[in-house]
Amino acid sequence: MVSNDPREIIPVADPAELAKAAAERLLARIAANSGRVAICLTGGSSPKALYELLATESYRARIPWERVHWFIGDERFVPPDDARNNMAMARHVFLDRFAPSSHIHPIPTDLGSPDEASALYEDELKSFYGATPLDPMRPLFDLVLLGVGPDGHTASLFPGYPQVEEQRRWVVGVPQTHVEPFVPRVSLTLPALASCHEMLFEVSGTGKRAVLTRLLSGETLPAARARSIGTTVFLVDKAALPENFCGG
Ligand code: 6PG
């Protein structure tokens, strides 16, 4: 790991412990804000256990649903009821059962193009935030959840793609991808993702060890460039932890 790295790496035993640790951090972020809370969820398979945990009685009861709003950091451009749709998974597992529907903010994928959807979602984020540009003293999100792809992508910001360099837009269309599912995407940009009190990566499984080693040794992959203006935390299970890792 590079020295003076501001990212906090928290090792956990396994995926179940990882989900628990993520749930506790999410609840702590909600508790730290007595007003309207904004959580930016993520897709992929890693967050599913967390979402399932949030649906259990002991966690569900600790969430003040009437003041929490739920966004998504990136979306596959497939219909809202497609199993590959990131928000559909979160809705199915927990949101639709507990969150007021006006507090669920999906990226629209049922009309137009990824570019049109990105413009609509940017408008929605701006109207929720109530201002432009983003003010570092007033982050857009309380918590941004993210995962890491085996190629070092995060959200739908892929290595070498121009969308990674976007500094002005909050949301962009990504017409094609080189990882599964091979469908167009819509993604929040690095500046929009950065506007949070805490950015929380969930990384688990041996399949992530190689890319995590690259990320922690200073390679400038998108998942390494995604940093919160507040705190950036990686929850990593034992299987994904680089062999030479020696502390947080
Ligand atoms: C997506 C994601 C993507 C994901 C990583 C990790 O739409 O696929 O948002 O960035 O978080 O690819 O995915 P896993 O959790 O499945 O490993």
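Here are some questions and answers about a predicted model.

Q: How many aromatic pairs does a search of the whole structure find, and is the pair of tryptophan 65 and tryptophan 70 stacked, tilted or edge-to-face?
A: The search of the whole structure turns up 11 aromatic pairs. For tryptophan 65 and tryptophan 70, the ring centres are 5.6 Å apart and the planes make 35 degrees. Planes under 30 degrees apart count as stacked and over 60 as edge-to-face, with the rest as tilted, so this pair is tilted.

Q: Is tryptophan 65 buried or exposed, and what about tryptophan 70?
A: The cut-off for buried is under 20% relative accessible area. Tryptophan 65 has 9% relative accessibility, so it passes as buried. Tryptophan 70 has 0%, so that residue is also buried.

Q: Which residues form one aromatic cluster with Trp65 and Trp70?
A: We've just met the two tryptophans as a tilted pair. They sit in one aromatic cluster, and the other members are Tyr51, Phe94 and Phe98.

Q: Which parts does the pair of tyrosine 129 and tryptophan 170 tie together, and how many residues apart in sequence are they?
A: The two rings are edge-to-face, with 5.9 Å centre to centre and 75 degrees between the planes. Both tyrosine 129 and tryptophan 170 are buried. Tyrosine 129 belongs to helix H5 (residues 114-129), while tryptophan 170 is in the loop between strand S5 (141-146) and strand S6 (171-174), so the parts tied together are 41 residues apart in sequence.

Q: Which charged end sits over the ring of tryptophan 170, and which over the ring of phenylalanine 128?
A: Over tryptophan 170, 5.3 Å from the ring centre, you'll find the charged end of lysine 126. Over phenylalanine 128, 3.6 Å from the ring centre, sits the charged end of arginine 36.

Q: Where is serine 195, and which backbone nitrogen lies 2.8 Å from a polar atom of its side chain?
A: Serine 195 is in the loop between helix H6 (190-194) and strand S8 (196-203). Its relative accessibility is 4%, so it counts as buried. Leaving aside neighbours within four places in sequence, its contacts are Leu134, Pro139, Leu140, Phe141 and Ile229. The backbone nitrogen lying 2.8 Å from that polar atom belongs to leucine 140.

Q: What are the edge strands of the open sheet with the order S4-S7-S6?
A: This open sheet has 3 strands with antiparallel pairing, and its twist averages 15 degrees from one strand to the next. An edge strand pairs on one side only, and here that fits strand S4 (74-76) and S6.

Q: Which residue in S7 is the bridge partner of valine 172, and which helix packs on the sheet?
A: S6 and strand S7 (residues 185-188) pair in the antiparallel sense over 4 bridges. In S7, valine 172 has serine 187 as its bridge partner. The helix touching S6 and S7, with its direction at about 165 degrees to that of S6, is H5.

Q: Why is strand S3 (residues 68-72) largely enclosed, and which residue of S3 does valine 37 stand opposite?
A: In strand S3, 5 of the 5 residues are buried, so the rest of the structure largely encloses it. Side chains in a regular strand alternate between the two faces of the sheet. Here one side has Val68, Trp70 and Ile72, the other has His69 and Phe71, and all are buried. S3 pairs in the parallel sense with strand S2 (residues 37-41) over 5 bridges, and valine 37 stands opposite valine 68.

Conventions
Residues numbered from 1 in each chain as written. Predicted model: local features only at pLDDT ≥ 70, side-chain atom pairs only at ≥ 80, totals over all residues. Heavy atoms only, no water. Phe/Tyr/Trp six-rings, centres within 6.5 Å; stacked < 30°, edge-to-face > 60°. Buried < 20%, exposed > 50% of the residue type's maximum accessible area, 1.4 Å probe, protein only. Helix = DSSP H or I, 4+ residues; strand = E, 2+ residues; numbered from the N terminus. Lys NZ or Arg CZ within 6 Å of the ring centre and 35° of its normal. Polar contact = N/O pair within 3.5 Å; in protein donor to acceptor, adjacent residues only side chain to side chain. Contact = heavy atoms within 4.5 Å. Pairing = 2+ DSSP bridges. Axes fitted to C-alpha atoms, helices over the stretch in contact; angles between N-to-C directions.
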